[in-house]
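These are my notebook entries on a structure that I had not examined before. I set down what I looked up, entry by entry.

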Amino acid sequence: MKERIEEILDYVATAVEKINDSNQAQALRVEILGKNGKLTSLFRFMKEVPSEKKGEVGKMLNDAKISVENMISAKETFLAQAELDNEINSVEKIDITLPSKTCTGSLHPRTIIQHEIEEVFKSMGFVVEDGNEVETEYNNFTAVNVPENHPARDMQDTFWLDNGQVLKTHTSAAQNRILKKYPLPIRAIFPGRCFRNEDLDAGHENTFFQLEGVIVDKDVSVGNLIYFMKEMLSKIFKKEVEVRLRPGFFPFTEPSFEMDVRCPFCDGHGCSTCKQSGWIELCPCGMIHPEVLRKGGIDPELYSGCAFGLGLDRMTMLSFNINDIRELNSGNLKLFKQFKLRS
């Protein structure tokens, strides 16, 4: 019996070397381990083996069966890997790190405006920060002096999550983190996507983009605020602009202002863009409230700051003459493909 088993193992070892595909491997498996296979047939002679030898012979047969299966399976694995390697090597190799020869797409108009604004502020020494889209209630409200009974905390305005966090309702949610992150003096802008439960129309979306900035240093004044905003708007509109401040109210600034720009499209004479008023409301802004500075770890007796906001969607609509904010999130390729980077 032992000699017969060794003959079968030698036969399988030789046969496996000649296998070239999975069909041949399966055929060898059937020949040796099938119902009438060479090794399977030996099991039928177990009844003729003396009782004292059955354990030893049975173990030999089982070990041989495992050896045969392992040899054939190893060959199948080798063939499968070789087939995969051939398939991979036959595919044309493309170096994805090489620059594209042609550009068939275009940036979203909002992205174009955001990049332009970022470049202007970076040229004036500002850092650009990313904000979280999911924020804590503290950062979104408490840290920017929005009290618990403020309407923005109502379910009709804010998307609340089951864990008590919120989808940020404004980019001001990043103020506390930034005031704590950077050493003084601070110049930072932080664009981002915001969410509110709005009734949708041509001027309102439940998902929209803002850009906010803060300046904190000794002796920061409204004059600094006007300078930086006027400089940015002049670069974006590609012409010198005139701005004005009107009183406003925001919990996180004191005093608060609404900054208007004289309509760059009609030079203040009145047109459909400015609704015949000659002015366009663009930037809520103001001096950072002392309480907001304190929550950011800054002594308002030593430092002051200003904050400003900008609706990126509104700036995009003005710059590219888009009259419906819902278009910006529509995925309308016919609309977007016409926009190019502006020189």
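Before the first entry I fix one term: a residue is buried when its relative accessible area is under 20%. I also note that the model is predicted.

**Entry 1: helix H10**

I looked up how far helix H10, residues 312–320, is covered, and found eight of its nine residues buried. The buried ones are Leu312, Asp313, Met315, Thr316, Met317, Leu318, Ser319 and Phe320. I then asked what covers the buried residues of H10. The cover includes the helices H5 (109–123) and H8 (222–237), together with the strands E4 (186–195), E5 (207–217), E8 and E9 (304–311).

From this helix I took aspartate 313. Its relative accessible area is 3%, so I recorded aspartate 313 as buried. Leaving aside residues up to four places away in sequence, aspartate 313 touches Arg110, Phe208, Phe209, Ile325 and Leu328. After H10 comes asparagine 321, and I noted that its phi is positive, near 55°.

**Entry 2: the sheet**

I next traced the strand order. Seven strands make an open sheet with mixed pairing, in the order E1-E4-E5-E9-E8-E7-E6. Strand E1 (127–128) and E6 are at the edges with a single partner strand each, so each has one side without a neighbour in the sheet. Helix H8 packs on this sheet and touches E4, E5, E6, E7, E8 and E9. The direction of H8 makes about 145° with that of E8.

I followed the pairs in turn. E5 and E9 run antiparallel and are joined by eight bridges. Within that pair, isoleucine 215 stands opposite cysteine 306 of E9.

Strand E7 took more of my time. Which strands pair with E7 in the antiparallel sense, and over how many bridges? Strand E6 (residues 243–250) does so over seven bridges, and strand E8 (residues 279–288) over eight. E6 and E7 form a hairpin, with two residues between them. Proline 247 is opposite phenylalanine 257 of E7. On the E8 side, threonine 253 has isoleucine 288 as its bridge partner. I also checked burial: seven of the 10 residues of E7 (residues 253–262) are buried, so the strand is largely enclosed by the rest of the structure.

**Entry 3: helices packed on H4**

I turned to helix H4, residues 51–90, and its contact with helix H2, residues 22–33. The two axes come within 10 Å and cross at roughly 175°. An angle over 145 degrees counts as roughly antiparallel, and H2 and H4 are therefore roughly antiparallel to each other. From H2, the contact involves Ser22, Ala25, Gln26, Leu28, Arg29, Ile32 and Leu33; from H4, it involves Lys65, Val68, Glu69, Ile72, Ser73, Glu76 and Leu79. I sorted these residues by class and obtained seven nonpolar, three polar and four charged.

Helix H1, residues 2–17, also packs with H4, at an angle of about 0° and with the axes 10 Å apart. That angle makes H1 roughly parallel to H4. On the H1 side I listed Lys2, Ile5, Leu9, Val12, Ala13, Val16 and Glu17, which meet Met60, Leu61, Ala64, Ser67, Val68, Met71, Ile72 and Lys75 in H4. The classes in this contact are 11 nonpolar, one polar and three charged residues.

**Entry 4: cysteines**

How many disulfides does the model contain? A pair of cysteine sulfur atoms must be within 2.5 Å to count, and by this rule I found zero disulfides. For cysteine 266, the nearest cysteine sulfur is that of cysteine 263, at 3.6 Å, and cysteine 266 is in no disulfide. Its relative accessibility is 12%, so cysteine 266 counts as buried. Cysteine 285 is likewise in no disulfide, with the nearest cysteine sulfur, that of cysteine 283, 6.7 Å away. At 2% relative accessibility, cysteine 285 counts as buried.

**Entry 5: arginine 177**

Last, I looked up arginine 177, which is found in helix H7, residues 175–181. Is arginine 177 buried, partly exposed or exposed? Its relative accessibility is 27%, so it counts as partly exposed. Not counting residues up to four places away in sequence, arginine 177 touches Asp130, Gly131, Asn132, Glu135 and Asn139. I also recorded a separation of 85 Å between the C-alpha atoms of arginine 177 and glutamate 48, which are 129 residues apart along the chain.

Definitions and conventions: Residues are numbered from 1 along each chain as its sequence is written. This is a predicted model: local features need pLDDT of at least 70, side-chain atom pairs count only at pLDDT 80 or more; totals for chains, interfaces and linings use all residues. Side-chain values use heavy atoms; hydrogens and water are left out. Axes are lines fitted to C-alpha atoms, for helices over the stretch in contact, and angles run from 0 to 180 degrees between N-to-C directions. Helices (H or I, at least four residues) and strands (E, at least two) are DSSP runs, numbered from the N terminus. Angles under 35 degrees count as roughly parallel, over 145 as roughly antiparallel, 65 to 115 as roughly perpendicular and the rest as oblique. Contact means heavy atoms within 4.5 Å. Ala, Val, Leu, Ile, Met, Phe, Trp, Tyr, Cys and Pro count as nonpolar, Asp, Glu, Lys and Arg as charged, and the others, Gly among them, as polar. Buried means under 20% relative accessible area, exposed over 50%, partly exposed in between (1.4 Å probe, protein chains only). Two strands pair if DSSP finds at least two bridges between them.
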